[in-house]
Amino acid sequence: MRVWIIEPNDPLIARDGRPFGPVPGARAVSLAFPVPSTTTGAVRTRDGLDAEGRFRPSEIPRLKQVTVLGPLLVELDDETGDIRQDGWLAPAPADAVLFGRDGDTGDAAKVSVRRLIPLRLLPGALTNLPDGLAPVGMVRLERSKPSSRAPRFWRWESFEEWLTDAREKEDVDPAQIGHGGPVRDARMHVGIDHETRTADEETGALFQTRGLEFVRVPQSSKLSCATRLGLAVATDAPNLKPGIGPIGGERRVAFWRPSARALPSIPDRVKTTIAAQGSCRLVLLTPACFTQGWKPAWLLRPSDGVTPSLQAMALAKPQVVSGWSLEPPQRAKPTRRLASAGTVLFLKLAGDRQAIERWAERVWMRSVSDEDQDRKDGFGLAVLGTWDGQLREMGVRT
């Protein structure tokens with residue numbers, strides 16, 4: 001698969017599903033980050049254009065078989081426009097919580113990084129968790145509050161370090177871990193009379209759009225220090241061409257170009273440690289669709305001589321997604337609840353070391369949703385991290 005960069009030129013609108021029509025006061029609000037169906041639909045639409053730039057509906061059956069992985073947030077090099085060597089970012093993992101210190105405010109405020117791990121119940125304690133899942137939490141009391149400066153996206157170096165060895169830290173600058181990603185951009189618009197080419201005073205069609213601006217400006221920096229952001233997808237689409245094309249709601253313009261980078265590979269230390277310990281953490285980079293809601297099915301099937309079993313989960317708030325199908329009969333897609341990006345699954349792996357290593361290589365940077373079409377659409381892109389498979393006692397410092 002080849003990695004492609006999609007760099008929005010205008011604020012990107014990935015609609016959140018609220019009604020938006022030609023009425024005064026209407027607002028088109030974007031999600032905080034596009035879901036896979038936004039970029040996958042754009043990739044397949046672009047791949048299905050003819051020589052004159054018109055979409056060919058006859059191509060829909062073929063296009064549905066095109067695999068798209070992503071989107072992932074990336075930082076771009078100002079000179080080449082390609083992904084910076086250290087430019088990959090990942091959604092903040094749900095098993096990491098950043099706490100601020102009392103009295104610390106402003107850009108200089110430091111945070112403490114705490115780890116959520118599966119816990120052993122105290123004698124006589126009960127939970128309503130299904131399937132015997134262990135609760136996930138901290139092993140010691142934390143008296144401070146979660147930091148409001150916790151980054152939504154982690155730089156790949158920090159993220160890979162967390163996957164390799166989820167070690168708690170003190171006095172960390174959150175800006176070194178990552179940042180908040182695209183910022184929201186609100187714009188006011190007015191309806192236009194097509195005959196006079198002026199504002200439509202009869203209807204007073206004043207409306208607002210709130211999109212995502214893919215430029216990151218540090219609060220203490222000048223505009224010249226801004227970081228260019230983009231979306232990266234990996235796909236086997238055979239007919240993609242570089243150039244300008246629309247993406248998302250309102251047909252906002254983006255620049256499309258291939259990248260010389262490849263998706264990050266699994267670190268050797270992560271793979272060998274997982275094989276030695278017979279357990280792992282699986283972190284979702286994009287929202288996943290499981291037929292049983294929170295619980296995966298396809299992922300837990302025996303494969304490559306390995307039988308995974310789910311021990312615990314660190315879940316973020318579920319994400320709701322819908323859409324519109326261009327396949328006849330054209331209609332709205334059903335609303336679905338997804339396991340959000342950043343969700344962490346704690347798995348035990350039954351199998352020998354060689355089999356577990358092969359399994360880890362196969363799962364890394366692959367989609368793990370239950371349905372084959374959802375995996376082709378990029379839902380549930382996953383990576384792996386280490387976990388020793390042990391349940392910790394509550395109140396014991398590790």
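Let me begin with a term: two strands count as a pair when DSSP finds at least two bridges between them. I start there, since the part of the structure I want to show you is built around such a pair, and please keep in mind throughout that this is a predicted model.

The pair I mean is S22 and S23, which form a hairpin with five residues between them. Their pairing is antiparallel and runs over six bridges. If you follow the pairing on the screen, you will find glutamine 319 opposite leucine 338 in S23, and you will also find serine 325 opposite arginine 331 in S23. As general background, strands of a sheet pair through backbone hydrogen bonds, in either a parallel or an antiparallel way.

Now to the space that this hairpin helps to line. How many residues line the largest pocket of the model? There are 46 of them, and those that lie nearest the centre of the pocket are Ser37, Gly41, Trp324, Ser325 and Lys333. Serine 325, then, is a residue we have met already, as the partner standing opposite arginine 331 in S23. The volume of this largest pocket comes to about 1700 Å³. Strand S22 (319-325) and strand S23 (331-338) each supply at least two residues of the lining, as do helix H1 (36-47), helix H2 (60-63), strand S18 (243-247) and helix H7 (372-376). Which element gives the largest share of that lining? That is H1, with eight residues. As for chemical character, the lining of the largest pocket divides into 20 nonpolar, 14 polar and twelve charged residues.

The second largest pocket holds about 740 Å³ of space. Its lining consists of 34 residues, of which Pro91, Ala92, Arg152, Ser340 and Ala341 lie nearest its centre. Strand S3 (68-76), strand S4 (83-91), strand S5 (96-100) and strand S9 (153-155) each supply at least two residues of this lining. Here the residues divide into 27 nonpolar, five polar and two charged, whereas the lining of the largest pocket includes twelve charged residues.

One of the strands I have just named, S5, brings us to a small sheet. This is an open sheet of three strands in the order S5-S6-S10, with antiparallel pairing. Which strands stand at its edges? They are S5 and strand S10 (169-172), each of which pairs on one side only. Neighbouring strands of this sheet are turned by 30° against each other on average, with direction ignored. Strand S6 (residues 111-115) pairs with S10 in the antiparallel sense over two bridges, and within that stretch valine 113 stands opposite lysine 169 in S10.

Let me turn to charged side chains, which in general can pair when they carry opposite charge and their charged atoms come close. Over the whole structure a search finds 25 salt bridges. Arginine 54 is a residue worth displaying here, as its side chain meets that of aspartate 50 in a salt bridge of 3.4 Å, N to O, and it also forms a salt bridge with glutamate 52, where the closest N and O atoms are 2.7 Å apart. Are these two acidic partners buried or exposed? Aspartate 50 is partly exposed, because its relative accessible area is 23%, while glutamate 52 counts as exposed, because its relative accessibility is 60% and the cut-off for that class is over 50%. A further salt bridge joins the side chains of arginine 84 and aspartate 86 at 3.5 Å, N to O, and arginine 84 counts as partly exposed at 27% relative accessibility. Salt bridges that share partners also join Asp47, Arg56, Glu59 and Arg62 into one network.

I will finish with two contacts between residues that are far apart along the chain. Leucine 163, in helix H3 (residues 156-164), has its C-alpha atom 4.0 Å from that of glycine 385, although 222 residues separate the two in sequence. Leucine 163 is classed as buried because its relative accessible area is 1%, and the class takes in values under 20%. The other case is cysteine 280, which has its place in strand S20 (residues 279-284). Cysteine 280 and tryptophan 387 are 107 residues apart in sequence, yet 4.7 Å apart in space from C-alpha to C-alpha. Cysteine 280 is buried as well, with a relative accessible area of 0%.

Notes: Residues numbered from 1 in each chain as written. Predicted model: local features only at pLDDT ≥ 70, side-chain atom pairs only at ≥ 80, totals over all residues. Heavy atoms only, no water. 1 Å grid on protein atoms, 1.4 Å probe; cavity = no way out; pocket = protein on both sides within 12 Å on 5 of 7 lines; lining within 4 Å. Points joined across faces, edges and corners; volume = space filled by probe spheres on them. Helix = DSSP H or I, 4+ residues; strand = E, 2+ residues; numbered from the N terminus. Nonpolar A, V, L, I, M, F, W, Y, C, P; charged D, E, K, R; others polar. Salt bridge = Lys/Arg side-chain N within 4 Å of Asp/Glu carboxyl O. Buried < 20%, exposed > 50% of the residue type's maximum accessible area, 1.4 Å probe, protein only. Axes fitted to C-alpha atoms, helices over the stretch in contact; angles between N-to-C directions.
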